[in-house]
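Trainee: I would like to go through the labels used for this model and the reasoning behind each. Where should we start?

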Amino acid sequence: MDHDHHHGHDHDHDPHAPASDDPLPAPEDAALETAIRELLIEKGVITAEDVHRQIDVLDSRSPALGAQVVARAWMDPAFRGALMEEPLAAIEAAFDVAMTGGAFPALQVVANEPGLHNVVVCTLCSCYPRVLLGVPPAWYKAAAYRSRVVRDPRGVLAEFGTVLPADTEVRVHDSTADLRYFVLPSRPPGTEEWNETALAAIVTRDCMIGTALPRP
Amino acid sequence: MAPARLAPGAAVRVRPGPPEPHCRTPFYLRGKAGVVEAFAGVHRDPSLLAYCRPGLPARALYRVRFRQRDLWPEYAGAADDSLVADIYEHWLDPVEG
């Protein structure tokens with residue numbers, strides 16, 4: 001064996017090393033993305049327009065849509081029922097926004113209720129319900145959140161200012177595969193007379209990840 | 001298409017199994033006992049899709065619930081605290097009651 005052979009890259013690469021917290025892609029990753037994208041366009045597999053259309057679709061989603069969905073579910077029991085059964089179809093029908101058709105993975109809505117609080121993570125990468133919340137925050141993709149929330153969820157939630165009573169079950173959802181999780185928070189007391197717009201305004205992104213609670 | 005072999009409520013144990021490429025079964029769940037919460041459909045196998053293969057046979061996917069105290073001996077939260085992960089059927093062994 002030729003021990004003097006050099007591959008031109010690190011030999012100590014560990015495939016199980018934790019992902020970097022760096023929110024920016026490494027220069028070599030960015031160069032790889034550009035090269036593959038240009039090749040796919042050059043060979044006619046996709047068009048530049050396809051790429052920009054998909055970016056537009058992703059940019060069109062933000063936590064505002066998720067908040068509208070939550071407020072509607074609080075106001076309308078029939079919508080809530082449909083949302084729990086077939087979330088993408090229910091949202092598409094109620095809000096006239098494209099959800100079905102395979103552009104987005106299946107959505108699983110998990111509802112908070114008295115005695116149960118849900119929180120979402122993806123320990124393996126950074127799966128996120130982009131169809132409803134848009135681009136994930138940097139902390140959601142950080143190794144600190146992903147590794148700690150599965151083993152000390154109450155400690156992590158407390159750091160977000162969310163302290164839950166001991167008799168409330170904390171249920172962590174690790175979206176390891178083909179489902180994306182979305183938390184339907186409980187409607188807070190004191191909002192009984194509020195309209196849907198006012199309700200949507202208190203539903204923050206973090207409420208739908210499960211790290212926060214809506215506050216009137 | 002493979003039908004679901006495991007019913008909700010079934011006791012299961014995650015296989016300790018060797019890692020496979022692009023595996024979607026986290027290491028911290030290997031060998032752990034849980035309960036099937038729900039069948040989550042049949043999906044093409046991501047460990048094959050990642051390598052531009054057709055991802056067949058498609059695999060049944062389950063939402064499996066674990067007790068936090070079964071996952072982490074030092075777990076300091078409430079006894080009922082739980083964790084749900086999506087696990088493919090070929091990573092699950094039924095546990096005899």
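Mentor: With a helix pair in chain A of this predicted model. H4(A) and H5(A) lie oblique to each other.

Trainee: Why are H4(A) and H5(A) called oblique?

Mentor: The axes of H4 (residues 77-85) and H5 (residues 87-95) of chain A cross at roughly 140°. Angles over 145 degrees count as roughly antiparallel and 65 to 115 as roughly perpendicular. The crossing of roughly 140° fits neither class, and H4(A) and H5(A) are therefore oblique. Their axes come within 5 Å.

Trainee: Which residues make the contact between H4(A) and H5(A)?

Mentor: H4(A) contributes A:Phe79, A:Ala82 and A:Leu83, while A:Pro87, A:Ala90 and A:Ala94 come from H5(A).

Trainee: What makes up the contact of H4(A) with H5(A) by class?

Mentor: Six nonpolar residues, with no polar and no charged ones. Phe, Ala, Leu and Pro count as nonpolar.

Trainee: How many residues does each chain put into the contact between chains A and B?

Mentor: Chain A gives 19 residues and chain B gives 20. On the side of chain A that touches chain B, helix H9 (153-159) and strand S3 (169-174) each supply at least two residues. S3(A) gives the most, with six. By class, that side of chain A divides into nine nonpolar, four polar and six charged residues.

Trainee: How do you know that S3(A) and strand S4 (residues 82-88) of chain B pair?

Mentor: Pairing requires at least two bridges. S3(A) and S4(B) have four, in the parallel sense, so they count as paired. Within S4(B), B:Leu83 stands opposite A:Val172.

How values were computed
Residues numbered from 1 in each chain as written. Chains lettered and ligands numbered in written order. Predicted model: local features only at pLDDT ≥ 70, side-chain atom pairs only at ≥ 80, totals over all residues. Axes fitted to C-alpha atoms, helices over the stretch in contact; angles between N-to-C directions. Parallel < 35°, antiparallel > 145°, perpendicular 65-115°, else oblique. Contact = placed C-beta atoms within 7 Å.
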